Amino acid sequence: MSRNQIEIRIAQLYLALQYCSERSKSFTPGERICINQERFQWMHILDDETASPRPVSQAIENKLKEVLRLADHYNFKPYYGNPFKEEILIA
């Protein structure tokens, strides 16, 4: 993945977590942990390209896609901005 693709993925994961927190409780606590683990692993990869990704399971990925679709459909903007990025970039 390119740096830009990684940054987009990090932003998508953050947006999905925010949507879950603010609108609908879509993810279980365990799923939220897995999403955060992937997100922080991608941040680690931005600093160390030799690190390996830690993707979520396909079941969580399917939920992520649905949550991101809903966020887009409702033009959701999180109450709190991404603390790791000045603006959330979603492709």
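A residue counts as buried when its relative accessible area is under 20%. This briefing applies that term to a predicted model, with helix H2 (residues 29–47) and its packing against helix H1 (residues 3–22) as the main topic.

**How H1 and H2 are arranged**
- Two packed helices are described by the angle between their axes and by the distance between those axes.
- For H1 and H2, the angle is about 155° and the axes are 10 Å apart.
- Angles over 145 degrees count as roughly antiparallel, and H1 and H2 are therefore roughly antiparallel to each other.
- The two helices, H1 and H2, cross in a left-handed sense.

**What meets at the contact**
- H1 contributes Arg3, Ile6, Glu7, Arg9, Ile10, Leu13, Tyr14, Leu17, Cys20 and Ser21.
- On the H2 side, the residues met are Arg32, Ile35, Asn36, Glu38, Arg39, Trp42, Met43, Ile45 and Leu46.
- Of the residues in this contact of H1 with H2, 11 are nonpolar, two are polar and six are charged.

**Length of H2**
- H2 has 19 residues, which at 1.5 Å a residue should span 27 Å.
- The end C-alpha atoms of H2 are 27 Å apart, so the expected span agrees.

**Buried residues of H2**
- Glu31, Ile35, Glu38, Arg39, Gln41, Trp42, Met43, Ile45 and Leu46 are buried in H2.
- These buried residues pack against H1 and helix H3 (58–73).

**Gln41**
- Gln41 lies in helix H2.
- Its relative accessible area is 13%, so Gln41 is buried.
- Leaving aside residues up to four places away in sequence, Gln41 touches Ala51, Ser52, Pro53 and Arg54.

Key: Residues numbered from 1 in each chain as written. Predicted model: local features only at pLDDT ≥ 70, side-chain atom pairs only at ≥ 80, totals over all residues. Heavy atoms only, no water. Axes fitted to C-alpha atoms, helices over the stretch in contact; angles between N-to-C directions. Helix = DSSP H or I, 4+ residues; strand = E, 2+ residues; numbered from the N terminus. Parallel < 35°, antiparallel > 145°, perpendicular 65-115°, else oblique. Left-handed = near helix turned anticlockwise from the far one by under 90°. Contact = heavy atoms within 4.5 Å. Nonpolar A, V, L, I, M, F, W, Y, C, P; charged D, E, K, R; others polar. Expected span 1.5 Å × (residues − 1). Buried < 20%, exposed > 50% of the residue type's maximum accessible area, 1.4 Å probe, protein only.
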